[in-house]
Amino acid sequence: MRLLSIETSCDETAIAIVETSGSKENPVFATLSTALYSQVKIHEQYGGVFPALAKREHSLNLIPLMRQALKDAQLLDICTIDISDEAKSHLSTTLSKEPDLYTALLSFITSYKKPAVDAIAVTYGPGLEPALWVGINLARALAYVWNIPVIPVNHMEGHIASILTAATTPVLFPSVALLISGGHTELVKIPRWGEYEIIGETRDDAVGEAFDKVARMLALPYPGGPKVSALAAEFRATGKTNPFTLPRPMLNTPDLSFSFSGLKTAVLYTIKERGGIAPEEMPALSCAFEDAVVDVLLHKTKKAILASHAQSLIIGGGVIANSRIREAFSKLTSQLNITLHVPEMALATDNAVMIALAGYLAYVRDEKILKTDPSTIVAKGSLRLN
Ligand code: KG4
Ligand code: ZN
């Protein structure tokens, strides 16, 4: 099955074309092309993602990205196509909230033949609803024009599936996934592909959010996670003893819950007590923060692995770009003698390849998903995995 996937849940606009083959138990994937536009620079001035702006940018960029992805996959065939008034009216209703997208789509579908893709996979949640709707509406419009099915995809299943292109051995089940991003911190038990149970999650801030908030306290631009991590590495390289110690919230609670808001507040108080933070102290404080995060993540994940008798650990989400965190989990899984599955770095942050992979898993779970009426797919901002 050849899938065209669409991701617009937050501030990345992404399209991918992925070919799936192999058995359902052991699917094989080939990425034919991928096109991604990051809006990070646009949102930087707001210190976070501004939903109305994200929606506008998705509307403007989806068709150019789709054209690029189809071209790179050698699926773009120039041809003049007539569109009936009835079809135009249907499309203009579908895209009534995205007039830019409607104009661009009309020009696209009258200039190119229907490409050789079998289905569309689109993220319908969780995420920012105004942003999600743009992708969903494009999927609905394309399904109508090209007469192909739409598979609605859970973005978090996408982060889990993101390891599939990098897995050199089949994933052993039961598995546990730790998903850490700007919006989520979740431990998920996976008895087999397509079955998920959230066994632990944050009670307040997500890990990425905490990194970004600490970065803001240090006057670093959004998204500050990578910058805090770079400062931490700078301090670690000095080999000095850290003058800062920070709490490890909920480290010893018997459950698998996390809390990062207290840690963030501890950083704030540390800065306040000192009447500010000098630039030369920032690496040590960043390091103390990162160490606290890593300790809590490791401790709770180890607990989840032992409680679930997991044979493997999957880690996914934007925060996985953090090399300290990856190293810590690599050590933990070798100690426990289980396999660690990590996505390729390019697929750790939001992208459309993972949406195609998760779309295929959703199909494997239940083939009837191909019969979904596209008009029933709606944006679900707080969609959960189970
Ligand atoms: O998965 P993602 O791309 O988007 C969401 O779905 O949230 O994750 C983005 C998050 C941001 O909070 C960003 O600061 C964080 O991942 N992040 C990092 C690093 N790289 C990205 N956090 C810590 N260290 C990093 N190296
Ligand atoms: Zn994400």
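**Exercise 1. Find the polar contacts of ligand 1.**

Task: Which polar backbone atom distance links Gly208 to ligand 1, and which other residues place polar atoms by its oxygen atoms?

Solution.
- Step 1. Start at Gly208. One of its polar backbone atoms is 3.2 Å from an oxygen atom of ligand 1. The model is predicted, so treat this distance as computed.
- Step 2. Go to Gly183. Its backbone N or O atom lies 3.5 Å from a ligand 1 oxygen. The cut-off for a polar contact is within 3.5 Å.
- Step 3. Turn to a side chain. Asp212 puts a polar side-chain atom 2.6 Å from an oxygen atom of ligand 1.
- Step 4. Add the cover. On its own, ligand 1 exposes 550 Å², and the protein buries 87% of that.

**Exercise 2. Describe the shell around ligand 1.**

Task: State how many residues surround ligand 1, and sort them by class.

Solution.
- Step 1. Count the shell. Ligand 1 is surrounded by 19 residues. Gly182, Asp212, Gly318, Asn322 and Asp350 are the closest.
- Step 2. Sort the shell. It holds 5 nonpolar, 12 polar and 2 charged residues. Glycine counts as polar here.
- Step 3. Place the ligand. Ligand 1 takes up the space of the largest pocket.
- Step 4. Assign elements. Helix H6 (155-161), helix H7 (207-217) and helix H8 (225-238) each give two or more residues to this shell.

**Exercise 3. Characterise the largest pocket.**

Task: Give the volume of the largest pocket, then its lining.

Solution.
- Step 1. Take the volume. The largest pocket holds about 1100 Å³ of space.
- Step 2. Read the lining. It has 42 residues, and those closest to the pocket centre are Ser181, Gly182, Gly183, Asp212 and Tyr222.
- Step 3. Trace the elements. At least two lining residues come from each of H6, strand S7 (185-190), H7 and H8. H7 gives the largest share, 6 residues.
- Step 4. Sort the lining. The split is 12 nonpolar, 20 polar and 10 charged.

**Exercise 4. Check the unusual backbone.**

Task: Where is Ala219, and which residues do the cis peptide bonds join?

Solution.
- Step 1. Look between H7 and H8. Ala219 is in that loop. Its phi is positive, about 60°, although it is not a glycine.
- Step 2. Stay in this loop. Pro223 is found there too. A cis peptide bond joins Tyr222 to Pro223, with omega about -10°.
- Step 3. Move to Pro126. This residue lies in the loop between strand S4 (119-125) and helix H5 (129-146). Gly125 and Pro126 are joined by a cis peptide bond, omega about -10°.

Terms used. Residues numbered from 1 in each chain as written. Chains lettered and ligands numbered in written order. Predicted model: local features only at pLDDT ≥ 70, side-chain atom pairs only at ≥ 80, totals over all residues. Heavy atoms only, no water. Near = heavy atom within 4 Å. Polar contact = N/O pair within 3.5 Å; in protein donor to acceptor, adjacent residues only side chain to side chain. Areas by Shrake-Rupley, 256 points an atom, 1.4 Å probe, with all protein chains shown as cover. 1 Å grid on protein atoms, 1.4 Å probe; cavity = no way out; pocket = protein on both sides within 12 Å on 5 of 7 lines; lining within 4 Å. Sits in = over half its atoms within 2 Å of the grid points. Helix = DSSP H or I, 4+ residues; strand = E, 2+ residues; numbered from the N terminus. Points joined across faces, edges and corners; volume = space filled by probe spheres on them.
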